[in-house]
Amino acid sequence: MGKIYKLSNPKDAADLFAGWQETLIDSCLQGVMGEIYAASSRSAMAMLGDFCFLAGEPDAELVAYKPEECDKDFMIMVPQDSSRREPMGNRILPDPPQKLSWEKLIRQIYGDKARQVTRYAIKKEEHIWDLDRLREALAGLPPEYTLRLIDKELYRKCMENDWSRDLVAQYRDYEQYRKLGLGAAILQGQEIVAGASSYSSYEGGIEIEIDTRKDHRRKGLAYICGARLILECCSRGLYPSWDAQNLQSVALAEKLGYHFDHAYTAYEIWGYGSGCQRTGKAGYLDGKKSGEVDKYEKGTIL
């Protein structure tokens, strides 16, 4: 097996990811957050949080590789060119050989541990928001709730709960979040019940994460949090990028002023790295089938 290595200069892989409009990749290439791993100068993997993006010449060792510092058992793998669909996702275009190869490798290596899913890219357009309408949304907050920007106290509260952890968890501590991140939370009393925050940051913007506690959904809180975060981003000159996990997330994005772009294929990997070496070299799964697992829903929860 060849050696998988982390790039000390992430920009060395920029050509492999050229044209891929994904801010998590930008974060990695810019060295702001995340890492870039390579099997050679012809293939690379950008990894940040629960996501990894595979680019260049398909490489089995890179697909199977789990970095030693990664302690996650779940990963969302996105193969390059997996978004070749009609704008409304009604007809899938012919697969380019590179995309098919990456996907075949994912299915071959992870087997039943890989679940194919469809995600939805949202257009990245400047100055599209109706700021007055977003301000009106804030006025619709029910009186039993309060809306605040996420400070050190709310950062800690987010980290205390499984449902809200992703709002801030990709930052190593509050100081990094304060420097790079941004978010808003809705509270009922002293408890956070909804939030919109930066899942990650890149130069000039953030990637949005929105979550609502289960017992407070369907009350419009996600819309209000999203409006507050977008307004704050606009005031600071930051771009609030959005990628949708499901069609409900697409609908919320459009309500806030975004426009749908295209659907793309990703793979949710359960038991990520199971059976792989964690010594800096790639390994392969042992071929055993995984057990049944709960479905993982990443992204906006209304």
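Which residues does Val32 touch, not counting residues up to four places away in sequence?

**Figure 1. Val32 and its neighbours.** This is a predicted model, and we start with Val32, which is found in the loop between helix 1 and strand 2. Leaving aside residues up to four places away in sequence, Val32 touches Ser27, Gln176, Leu180, Ser201, Tyr202 and Glu203. Take the last of these, Glu203: it sits 171 residues from Val32 along the chain, yet the C-alpha atoms of the two are separated by 7.5 Å.

**Figure 2. The whole chain, before zooming in further.** Here's the background for the other views. The chain has 302 residues, and buried ones make up 52% of them. It contains eight helices and 13 strands. Look at contacts between residues at least 6 apart in sequence, and 72% of them join residues at least 24 apart. As for the outside, the chain exposes about 14,200 Å², with carbon and sulfur atoms supplying 46% of that area.

**Figure 3. The largest nonpolar core, with Phe17 in view.** This core has 37 residues, and the ones with the most contacts inside it are Phe17, Ile36 and Phe53. Helix 1, which covers residues 23-30, gives the most to this core, with four residues. Another core, of 36 residues, lies apart from it, and among its members are Leu229, Trp242, Ala244 and Leu256. In soluble globular proteins, nonpolar side chains tend to be buried together. Back at Phe17, the list of touching residues is a good one to trace on screen: Ile25, Leu29, Ile36, Ala44, Met45, Ala46, Phe53, Ala55 and Gln80, again without counting residues up to four places away in sequence. Notice that Ile36 and Phe53 turn up in this list, and that both are also named with Phe17 for having the most contacts inside the core.

**Figure 4. Ser200, tucked into strand 9.** Is Ser200 buried or exposed? Its relative accessible area is 0%, so Ser200 counts as buried. You'll find this serine in strand 9, which runs over residues 191-202. Beyond residues up to four places away in sequence, Ser200 touches Leu24, Ser27, Met33, Leu48, Tyr171, Ile206 and Glu207. Ser27 may ring a bell, as Val32 touches Ser27 too.

**Figure 5. The second largest pocket.** About 430 Å³ of space lies in this pocket. Its lining has 19 residues, and the closest to the pocket's centre are Gly34, Glu35, Met47, Leu48 and Gly49. Strand 2 (35-40) and strand 3 (43-48) are the elements that give two or more residues to the lining. What kinds of residue make up the lining of the second largest pocket? They divide into nine nonpolar, four polar and six charged. Leu48 links this view with the previous one, being one of the residues that Ser200 touches.

**Figure 6. Two loop residues with positive phi.** His127 has a positive phi of about 55 degrees, although it is not a glycine. Its place is in the loop between strand 6 (114-122) and helix 4 (131-139). With a relative accessibility of 75%, His127 counts as exposed. Arg218 also isn't a glycine, and its phi is positive as well, near 65 degrees. Look for Arg218 in the loop between strand 10 (205-212) and helix 7 (221-236). Arg218 has a relative accessible area of 67%, so it is exposed.

Note on methods. Residues are numbered from 1 along each chain as its sequence is written. This is a predicted model: local features need pLDDT of at least 70, side-chain atom pairs count only at pLDDT 80 or more; totals for chains, interfaces and linings use all residues. Side-chain values use heavy atoms; hydrogens and water are left out. A nonpolar core is a set of buried Ala, Val, Leu, Ile, Met, Phe, Trp, Tyr and Cys residues joined through side-chain atoms within 4.5 Å. Buried means under 20% relative accessible area, exposed over 50%, partly exposed in between (1.4 Å probe, protein chains only). Contact means heavy atoms within 4.5 Å. Accessible areas come from the Shrake-Rupley method with a 1.4 Å probe; for residues, only the protein chains shown count as cover. On a 1 Å grid over the protein atoms alone, a cavity is a set of points where a 1.4 Å probe fits but cannot get out, and a pocket is an open set with protein on both sides within 12 Å along at least five of seven lines; lining residues have an atom within 4 Å of a point. Grid points are joined across faces, edges and corners, and a volume is the space filled by probe spheres set on the points. Ala, Val, Leu, Ile, Met, Phe, Trp, Tyr, Cys and Pro count as nonpolar, Asp, Glu, Lys and Arg as charged, and the others, Gly among them, as polar.
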